Amino acid sequence: MPFDAAQLLPILPEITILVTASLVLLVDLYLDDQQKDLNHSLTLVGILIAIALTGAVGGGEARVFFDGNLVRDALSDLLKGSILVVSLLAFVYARPWLRDRGMLVGEFYVLGLFAVLGMLIMVSANSFLTLYLGLELQALTLYALVAFDRDSRKGAEAGMKYFVLGALGSGMLLYGISMIYGATGSIEFGPVAAAVAEQEISNKVLVFGIVFLVIGIGFKFGAVPFHMWVPDIYEGAPTPAVLILGSAPKIAAFALAIRMLVDGLESLHTDWQGMLVILAVLSMGLGNLVAIAQSNIKRMLAYSTISHVGFIFLGLLSGSQQGYASAMFYTIVYAVMSAGAFGILLILGRKGFDAERLEDLKGLNDRDSWYAAMMALIMFSMAGVPPTVGFMAKLLVLESVIRIDMVWLALVAVFFSIIGAFYYLRVVKFIYFDKPAEDAPALLTTGGVRFAMSVNGLALLVLGLFPAALLSLCQAAFA
Amino acid sequence: MGFEKFLFYVLSLITVWSSVMVITRKNPVHSVLFLVLAFVASAALWVLLEAEFLGIVLILVYVGAVMVLFLFVVMMLDVDIATLRAGFIGYLPLGLLIAAVMAVEIFLIVGPANFGLAAFPSPEPAGVDASNTRDLGLLLYTVYVYPVEIAAVILLVAIVAAIRLTLRRRPDNKYVDPARQVRVRKGPDRVRLVSMATEDLAPAPAGATIADKGESQ
Amino acid sequence: MIELWNALPLVIQILFKIAAIVLPLLGLVAYYTYAERKVIGYMQVRIGPNRVGWRGLLQPIADALKLMMKEIIIPTKADKTLFLLAPMLTIAPALAAWAVFPFDEGLVLADINAGLLYILALSSLGVYGIIIAGWASNSRYALLGAMRSAAQMVAYEIAMGFALVGVLVAAGSLNLGAIVAAQEGHLLTWFWLPLLPLFGVYLISGVAETNRAPFDVAEGESEIVAGFHVEYSGMAFAVFFLAEYANMVLIAALSALLFMGGWLSPLPQSWVEGNWLLNDGFHWLLLKTFFFMFLFLWLRATFPRYRYDQIMRLGWKVFIPITIVWILVVALAVVYRLPPWWSA
């Protein structure tokens, strides 16, 4: 069977990222310690090319490639684009922090790029096998990134925890997949969906498999009760790693859920809906309540992530096109917000100092009013205050839940998001109404970081005012 | 058929027994060795299923390489089993309960009701000429070429990650680079002939030399 | 006679066949030790054993008797089961590998398709005996030897495996008989020529795999006394000894089979028609095997022991890259049908 080179077209972005990573790996060997910035430039160029290529090969009808292992559709185009953009921001923010701590080495970029590659593969997977391999690629690099600061005990501990729990999650997922395979005789989403539609609920094996799939998804998202790893890892890992880990992978996890539950098992929607309801309510409740008690801002953001995951699940569980689109909108917006929040923490850090306590944000306005404004925007957006995009995102998922007559669920969500507003606004209070610590120096950042952060913060405002563009893209993905 | 069935039960028994031993042995080295036995027995089961390539590769890769390194590490570690097992009895009832529930569930799901011979009749035995190496290779490099490439990238990541997390150069390390050593050439690097004027040294007394040598030894 | 043979149950037939392979093999191993002492003796301008029997020919028998008489001492605090299991684990794979070895066209105990893979898998098991021996002895020297050996064998197994992948690509089969058949022709069509780098890597890795000089750091009698088997005595020691030599014979025989055309005659078929001595046959395989066995001894007499880190470097940084590059070359040659080897 001759190989059709046209098959390579839809994976050009992936190939670009792979080539960039390999290039960085090779070039890094020959660089002195002063020249390591070249890695950074190469990485950014590679990602930019990948973004351009995503646009170039995207669009048009959904098509399946590589004998059903890969699909290129509107969903994959949009998610790939957003993963790449968010990762680009992350790499820009991470550089000063890494340089101050002598960790500006090629491996960070190589691992980061491979994580991106894993996410891209997940997003465009059309079979359980590809999806799982993408997930493992992403997870493996993230384990290493969490333990990247190898002299830090906390980092090593976090890496170990992440590894063990991540492996457990993968194991659950794999077990679920094997059940689904046993029941349907295929690992490709199309045939699985067809077989499932035929068998409906009668097959116990399928339901058993779905339970494990949902548990696996819960682990990867960090939804309660599979959230144990999230706070410890956010706290222990070096902040750039958390930045990479906490932003784009959520988009990939969303793709994981959509591909498996919607592409593969949509006809069993009633089965997984119930499970997702439980996960959503628990995540929103526990995430928001526990976040209030945190004094470490990274831990606080970890619990905030958990609560946001609850909201994403609201959109997913509605089982309607509008619901999926709103969940997708929420996920992308959350990834951007999260990148911004951790970006600010990186900016606040300096040689020998990491911004970790809430108090470290005190008087940010007096130190740099522009960054203070951006952080305030991000916090407002996370809390869901209009006119920021966070409000829009929450509104959309709530709407989708109400449409399926689950008003009680919407009320619960609103209740917890009001509780959640407290700790986000507390951060804003620290920024504007408290005096900075005596020894806090002025913030020194490069123009690139300032530009990226401005784009990041203002995007939340602009998207909030004009959500139609992104939203229509999201809706087109499920049309 | 009868003999194959007999073999199957013997091998399954060995697999299950050795797996139980893996988690109950006090000595971690024994545990690893029982794990090796479990691998070998499952490889044999695979061969029984006419998947000889997978069976042999299981031995080659897992038993021959992965477990050797595992054993290597376990032998180096000073694992204090007593502290590891401190809470064992306390957790045992809960653990057993969960295990029992899981076992029953798995039996109900994976058991004969859903995966019995009725639903999955045993396939026709492959012919004598069937080579599963060839068949697997053909599939892997055509239909599954994309996943295979991804798997290759995963392995690359594993190398990069492992090196990043473990390789460190200590300043007080007396490491010599064999690559540079073997590159030394016979000519100027190794021996250098110097022409110099002869120096007239007074010969030391014979006794003193011996005494010196004695002290230095 | 043939009727009697056919009347026997299959199991008995197989047992006879196994005996027919193993007994001559053990004899060969015994006299290999004698040959080693003689050859190295002459290379070092000595005579070697010459007391027991005519020219010392009964020396191996005397050695075997001596070892059998001796007590097997089990060190205190040694792990008794594993201590006794280790020698068996070493010899078993060394003998079991012969099951798929073809001695002549069709003359093989088990003609399985994945023969090469089977041999590779079994040779990878040999390391367990050594590691377990080192650990179970409860001795520092033994453990050091075991550690060295484990790292070395894993490293060289990869190079060796890759070299065999080259053979597999060249022959298009994993069946050992088919691999020999693919070399049909004459001296220059054998695989040693197109696979020359792999051949070299295979031979050297083979020496390293069997822990022979100059790669015998696992024993390293001048550094760590005798390495993994320092605590062994009597028959337990003898079994290790047997296994080492059986492995050497195996590697030598495999080299002959995979790269030197096995039982094929080095002369073109048209020249030797009708002449049983020059025509293909078991004697050619034997001759080639003896040559490689002699090479092992020659190496030992010639080279000083490698340093440990240099061994590791050679394995990982030199051999593995060479093999990978050459596999690519061979694959291209096969795809583009490079004559004279793949012209058909």
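Okay, let's start with contacts inside chain A: among those between residues at least 6 apart in sequence, 79% join residues at least 24 apart. Two residues are in contact here if their C-beta atoms, placed from the backbone, lie within 7 Å.

Some housekeeping. This is a predicted model, where local features need pLDDT of at least 70, side-chain atom pairs count only at pLDDT 80 or more, and totals for chains, interfaces and linings use all residues. Residues are numbered from 1 along each chain as its sequence is written, while chains are lettered from A and ligands numbered from 1 in the order in which they are written.

So, chain A. You'll find 20 helices and two strands in it; those are DSSP runs numbered from the N terminus, H or I with at least four residues for helices, E with at least two for strands. Its radius of gyration is 21 Å, close to the 23 Å the globule rule gives for 479 residues, so chain A is as compact as a globular protein of that length. That radius is taken over C-alpha atoms, and the rule is 2.2 Å times the number of residues to the power 0.38. Along the principal axes, the C-alpha atoms of chain A fill a box of roughly 70 × 55 × 40 Å.

How much of chain A is buried? Of its 479 residues, 58%. Buried means 20 or more other C-beta atoms within 10 Å of the residue's own; 12 or fewer is exposed, in between is partly exposed, and C-beta atoms are placed from the backbone.

Now the cores. A nonpolar core is a set of buried Ala, Val, Leu, Ile, Met, Phe, Trp, Tyr and Cys residues joined through C-beta atoms within 7 Å. The largest one has 192 residues, and I83(A), L117(A) and V146(A) have the most contacts inside it. Helix α14 of chain A, residues 321-348, gives the most to this core, at 20 residues. There's also a second, separate core of 127 residues, with A146(C), A151(C), A155(C) and W190(C) among its members. Back to I83(A) for a second: leaving aside neighbours within four places in sequence, its contacts include V116(A), M119(A), L120(A) and V123(A), plus A248(A), I251(A) and A252(A).

On to how the chains meet. Of the two pairs in contact, chains A and B share the most contacts. Chain B puts in 18 residues there and chain A 28. On the chain B side, α8(B) gives the most, with 13 residues. By class, that side has 15 nonpolar, two polar and one charged; Ala, Val, Leu, Ile, Met, Phe, Trp, Tyr, Cys and Pro count as nonpolar, Asp, Glu, Lys and Arg as charged, and the others, Gly among them, as polar.

The other pair is C and B, with 19 residues of chain C in contact with 19 of chain B. From chain C, the largest share comes from α5(C), at nine residues. And A with C? They do not touch; their nearest C-alpha atoms are 14 Å apart.

Last, chain B itself. Its helix α5, residues 88-110, bends by about 30° at L94(B), the bend being the angle between axes fitted to the seven residues ending there and the seven starting there. Among the 23 residues of α5(B), zero are buried.

Confidence-wise, the mean pLDDT of chain B is 80, with 88% of its residues at 70 or more; pLDDT is the predictor's confidence in each residue, from 0 to 100. Within chain B, α8(B) is highest at 91, and helix α11, residues 206-216, is lowest, at a mean of 49.
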